[in-house]
Amino acid sequence: MNKAHELLTSFKARFGTGASVYRAPGRVNLIGEHTDYNEGFVLPAAIGFSCWVGIAPRSDRKLIVYSENFREAHETTWDALAARGSGHWWDYPLGVAWALQEAGYRLRGADIYIAGDVPLGAGLSSSAAIEVSTGYALLSAAGHAVDRTTLALLCQRAENEFVGMRCGIMDQFVSCHGQAGHALMIDCRSLEYRVLRLPAQVRLVICNTMVKHKLQAGEYNVRRAECEEAVPKLSNAVPTIRSLRDVSLEQLSQNQSLLSETLFRRCRHIVSENERVRQVAELFEQGKTQGLWELMAASHQSMRDDYEISCRELDAMVEIATRQRGVYGARMTGGGFGGCTINFVDVEHAPEFQRRVSAEYESAIGLRPDIYICEASQGAELVETTAENLPKVTR
Ligand code: GLA
């Protein structure tokens, strides 16, 4: 039985009715870390791990959410939605409900069943997957057409304001717009994006250090605040500056004295990382892998030394990966402080890579890693429906 049918069966058992099932994927970022909230460039792909949401409209104003992963239900109403979360798993679906309501959508009460297989706390955006699938489901259940970029922005708002994590737009955007077999090169200022086919011989191999990152714990928000602090300090030297996106490496080095040593290193990471994203996108555009190695290595080093978001386990995982055969490049991926690395591995060498990295990491660190050989997948979609005559409601 596939996941959607399984979910329909569970939905029926819990709520007694048919439902529509929506899916939204997690993501892996290939390069461009912490550049999104600096209005820069990122290059993520949606992956085969997803969150599924079954939904059926109710005739009252209640929202009942059930999480299969947490085996717990939570009940509220549209009128009782506060502007702030309470630190529970339901902050993600209810945060999105809140953001949609704030944006002026007329929405309906609903029974909602949530199940996901994106590993939690691994930096693969389980939160974006739950936000986007819930948002897609709530809009559709009320008869609204879904504009994917608007949905991504509202999910980001939910996470920024309701959950309290000041993330950029990357995760929600690629969960909405992802395309099978492709990465997206996103301009996080204009929100324009290019769809880039991944080189045919390359597999995306994700190595989970099994060290859970805790983005909410503050370091992420501290990095973002440091970037924002640097912008006005550079504004005399770069009058057109709106964000670190507007600064070149040359301008930065010429004006190093305007910044503290730490702020300079934070800026150097962002500015150089934007340049690396452009270069990797160019390689993919030409179907090339030559040069990937150096760009991935430089990205990892920059995150380790300048942005200081790596950790011992991530460094070990990257170091072990770079010693294997058939590797085109390796670096940590996502917010940092734990989670996963992303590795470009030749299709023929991927199984051997998986075996060897697993054994070597376990003997070095004492944890058995999960290693996933991934394909780039499709963004959010309706997967199945048994609900009849969904009402049409206009905004
Ligand atoms: C998290 C955030 C993203 C992005 C990455 C780092 O995943 O949600 O917006 O900033 O970290 O690149």
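**Exercise 1.** In this predicted model, determine which residue forms a salt bridge with Asp187, and place the pair within the count between domain 1 and domain 2.

*Solution.*
Step 1. Apply the cut-off: a side-chain nitrogen of Lys or Arg must lie within 4 Å of a carboxyl oxygen of Asp or Glu.
Step 2. The partner of Asp187 is Arg245, with 2.9 Å between the closest N and O atoms.
Step 3. Consult the domain assignment: domain 1 covers 3–197 + 377–385, and domain 2 covers 202–374. Asp187 therefore falls in domain 1 and Arg245 in domain 2 by these bounds.
Step 4. The count of salt bridges between domain 1 and domain 2 is six.

**Exercise 2.** Describe the interface of domain 1 and domain 2 by its contacts, buried area and contributing elements.

*Solution.*
Step 1. Start with the contacts: 39 residues of domain 1 touch 47 residues of domain 2. The C-alpha centres of the two domains are 25 Å apart.
Step 2. Turn to the area. The accessible area lost when parts come together is often used to give the size of an interface. Here domain 1 and domain 2 bury about 3,600 Å² between them, and 59% of that is on carbon and sulfur atoms.
Step 3. Add the polar contacts, of which the interface holds 27 residue pairs, both residues being at pLDDT 80 or more.
Step 4. Identify the elements on the side of domain 1 that touches domain 2. Two or more residues each come from strand E1 (20–31), strand E2 (41–57), strand E6 (182–187) and strand E7 (193–197). E2 gives the most, with six residues.
Step 5. Sort this side of domain 1 by class: 20 residues are nonpolar, 10 polar and nine charged.

**Exercise 3.** Which residues come nearest to the ligand, and which atoms lie by its oxygen atoms?

*Solution.*
Step 1. There are 13 residues around the ligand, and the nearest are Glu33, His34, Asp36, Asp171 and Tyr220.
Step 2. Take the side chains. An N or O atom in the side chain of Glu33 is 2.7 Å from a ligand oxygen atom, and a polar side-chain atom of Tyr220 lies 2.6 Å from a ligand oxygen atom.
Step 3. For His34, a backbone N or O atom lies 2.7 Å from an oxygen atom of the ligand.

**Exercise 4.** Find which parts the salt bridge of Glu308 and Arg266 ties together.

*Solution.*
Step 1. The whole structure contains 34 salt bridges. One of them joins Glu308 and Arg266, at 2.9 Å from N to O.
Step 2. Glu308 sits in the loop between helix H9 (292–306) and helix H10 (312–322), and Arg266 in helix H8 (residues 261–285), so the pair links parts 42 residues apart in sequence.

Notes
Residues are numbered from 1 along each chain as its sequence is written. This is a predicted model: local features need pLDDT of at least 70, side-chain atom pairs count only at pLDDT 80 or more; totals for chains, interfaces and linings use all residues. Side-chain values use heavy atoms; hydrogens and water are left out. Contact means heavy atoms within 4.5 Å. Buried area is the accessible area (1.4 Å probe) that two parts lose on being put together, summed over both. A polar contact is a pair of N or O atoms within 3.5 Å; within protein, one must be able to donate a hydrogen and the other to accept it, and residues adjacent in sequence count only if both atoms are side-chain atoms. Helices (H or I, at least four residues) and strands (E, at least two) are DSSP runs, numbered from the N terminus. Ala, Val, Leu, Ile, Met, Phe, Trp, Tyr, Cys and Pro count as nonpolar, Asp, Glu, Lys and Arg as charged, and the others, Gly among them, as polar. A residue is near a molecule or strand if one of its heavy atoms lies within 4 Å of it.
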